[in-house]
Structure formats: structure tokens, C-alpha cells
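Please report on the fold below. Cover burial, overall dimensions, the sheet, the cores and a few individual residues.

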Amino acid sequence: MKKKKPPYGISNYESLITDNYYFVDKTKYIEILEEVPEKSIFFLRPRKFGKSLFVSMLQYYYGVEYKNKFDSLFGEFYIGKNPTEKANKYYVVSFDFSGILTETPETTFESFNEKVIIGINYFNNTHNLFNQEIIENIVKHRSASDIMNNFIMYFAGVKPGEKLFVLIDEYDHFTNELISFRLTEFQDIVSRNGYVRKFYEAIKVGVGKGIIDRFFATGVTPVTLDSLTSGFNIAKDFTLDRRFNEMQGFTPDEVKSILEYYEIEKSDEVLSDLERL
């Protein structure tokens with residue numbers, strides 16, 4: 001039997017599964033995440049720990065548009081054999097805040113807004129809920145918070161009773177850059193009445209109105225999260241929760257299984273070397 005390909009740089013869950021890449025099954029954590037009372041969650045890990053892939057996995061698991069693909073994408077894994085009631089029950093809107101241009105305060109502002117618009121346009125291209133006039137009304141506003149508020153309002157009008165799941169990848173990618181060389185700008189946009197804080201306040205309002213049911217965000221450090229706390233105090237940081245310690249990244253047993261699968265010579269020595277690094 002042909003071996004699965006070793007994945008590197010693959011962050012799209014569907015591509016990983018359908019293109020026959022090796023996948024370490026982390027799907028049991030979907031069930032565990034649903035069991036905690038908090039519905040708005042931050043989970044932070046260093047780079048190259050599979051955060052983007054995990055976010056993509058959540059999108060395919062919860063997105064209503066992927067219901068017909070559930071068996072092919074999840075059937076052989078834990079959650080496919082033990083699906084939750086929420087599988088493919090949400091309209092998922094996803095934002096990726098990596099690659100934001102931070103050369104000047106103006107480029108940071110415009111680039112952040114553009115990332116929000118890209119997420120909403122992708123959502124509408126997938127679901128086709130809004131006509132062109134509505135989309136233009138949503139994205140014409142200058143601030144990301146107004147864009148988000150209008151998106152939530154129009155969604156509730158078009159899909160009353162349905163729920164949104166908000167996913168955010170690399171929530172602090174650009175703010176970590178600002179901390180390094182423009183600390184005052186970081187403080188201005190994330191705290192007080194800053195536009196980043198206002199964006200998360202719009203999400204909080206959507207949660208309060210029962211339109212956004214779940215929220216999950218990943219990133220690298222808690223610094224930005226600490227600054228957002230008063231404006232987004234509905235979220236729980238599960239980074240240090242022992243229940244989720246192995247949710248991303250590989251355990252020694254998982255690494256050993258990978259080495260054995262690919263028939264790596266002297267796998268015990270390789271594992272020992274990795275543990276010393």
C-alpha cells in the first residue's frame with residue numbers, strides 16, 4: 001500500500017485529507033472543546049504547531065456547506081466515529097490576520113480592514129446570502145467594527161435563527177510586530193478606543209444578541225489578548241489548560257508513530273535527539 005505523503009506547510013484540512021497526506025488525529029479535541037462551558041475561546045501556541053490547520057479543521061467540521069463531505073473528511077478519525085450534535089450546523093466566518101502591512105499607522109489600519117473584508121467576501125462567495133448592493137453596504141464603512149456590525153446585522157436578517165461561528169487565525173501576527181517597533185501605536189489600536197479592540201467589541205455584541213454562538217482564535221502570545229480583555233471579556237484563554245496541552249503539536253508517542261510509519265532507521269535515537277532539542 002502506498003504510504004501517505006508527509007505534510008509540510010499544508011494548512012487546508014480538506015487538501016490534507018483528500019490528497020493523501022499523513023494526519024495525526026486531533027479531532028477528539030473538537031468534542032472536548034464543546035464540553036467546556038465557555039463558547040469564546042483563545043488558544044495560543046508557538047509557530048509551526050499546526051494552528052492554521054486546526055482552524056481549517058474546525059471550519060470543515062462545523063460549516064453547513066461541508067455536510068455532504070463529512071464522511072469523506074472525518075469518517076476514519078475519532079470525531080467521524082463520534083460526531084457531536086453541532087457538526088455542520090454553523091455558518092462559519094473566518095478571518096486570517098497574518099500578512100497585515102505595518103509600515104505606517106495608515107497601512108496597518110487599511111490592511112486590517114481589508115482582512116476583515118476578505119473574510120466577509122469569502123463567506124458570501126461560499127453562501128451567496130447577500131446581493132451586491134448589500135455587500136457594498138457592509139464593506140463601505142471605514143472601520144472594521146462597523147463592517148463587522150453590519151455583517152452581523154444583515155446575516156441575522158437573511159438567516160433568522162441561524163448561528164455564526166467566528167474563527168480567527170493569527171490574531172496577533174501584526175500586533176506582535178508593532179510591539180517590537182511602535183509600542184505606542186500598538187497601545188492605541190488594541191486598548192482604549194482603538195479599532196482592533198472595537199472589532200472584537202462588535203463580535204461581543206453579536207454574541208450578546210445570540211447571533212454569534214461560538215468563537216475560536218489562535219495566535220502566538222497573550223500580550224494582545226491581555227490588552228483586549230476589558231473590551232472582549234467574554235473569551236477564555238485555554239492555552240495553559242492541561243486538558244488541551246496536546247491539542248496542537250506532537251507528543252513523543254505521536255512522533256514515534258510517525259517515525260515508525262515512515263520506517264526511519266534508528267527511530268529511537270532520532271526521538272532522543274528531538275527530545276534534547
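Of the 277 residues in the protein, 49% are buried. Buried means under 20% relative accessible area, exposed means over 50%, and partly exposed lies in between, with a 1.4 Å probe and protein chains only. This is a predicted model, in which local features need pLDDT of at least 70 and side-chain atom pairs count only at pLDDT 80 or more, while totals for chains, interfaces and linings use all residues. Residues are numbered from 1 along each chain as its sequence is written, and side-chain values use heavy atoms, with hydrogens and water left out.

**Overall dimensions**

The C-alpha trace spans about 60 × 45 × 30 Å along its principal axes. The radius of gyration is 20 Å, which agrees with the value near 19 Å for a compact globule of 277 residues. That radius is taken over C-alpha atoms, and the globule rule is 2.2 Å times the number of residues to the power 0.38. The protein exposes about 14200 Å², and carbon and sulfur atoms supply 50% of it. Accessible areas come from the Shrake-Rupley method with a 1.4 Å probe; for residues, only the protein chains shown count as cover.

Contact means heavy atoms within 4.5 Å. Among contacts between residues at least 6 apart in sequence, 75% join residues at least 24 apart.

**Helices and sheet**

The protein has 14 helices and five strands. These are DSSP runs numbered from the N terminus: helices are H or I with at least four residues, strands are E with at least two.

The five strands form an open sheet in the order β2-β3-β4-β1-β5, and the pairing is parallel. Two strands pair if DSSP finds at least two bridges between them. β2 (91–96) and β5 (236–237) are the edge strands, each pairing on one side only. β1 (residues 40–44) pairs with β5 in the parallel sense over two bridges. Phe 42 stands opposite Asp 237 in β5.

Helix α11 (residues 195–208) lies across β1, β2, β3 (164–169) and β4 (212–219). It runs at about 150 degrees to β4. Axes are lines fitted to C-alpha atoms, for helices over the stretch in contact, and angles run from 0 to 180 degrees between N-to-C directions.

**Cores**

A nonpolar core is a set of buried Ala, Val, Leu, Ile, Met, Phe, Trp, Tyr and Cys residues joined through side-chain atoms within 4.5 Å. The largest has 47 residues, of which Ile 168, Phe 199 and Tyr 200 touch the most other members. Apart from it lies another core, of 34 residues, among them Tyr 29, Ile 30, Ile 41 and Phe 244.

Not counting residues up to four places away in sequence, the contacts of Phe 199 include Phe 95, Phe 97, Phe 112, Met 148 and Ile 168.

**Gln 59**

Gln 59 is found in helix α3 (residues 51–62). Is Gln 59 buried or exposed? Gln 59 is buried, because its relative accessible area is 10%. Leaving out residues up to four places away in sequence, Gln 59 touches Glu 65, Tyr 66, Val 92, Ser 94, Tyr 122 and Leu 167.

**Positive phi**

Most residues other than glycine have a negative phi. Two residues with a positive phi are tabulated here.

| Residue | Phi | Loop | Relative accessible area |
|---|---|---|---|
| Asn 20 | near 65 degrees | between α1 (13–18) and α2 (28–35) | 29%, partly exposed |
| Glu 263 | about 55 degrees | between α13 (252–261) and α14 (267–276) | 61%, exposed |
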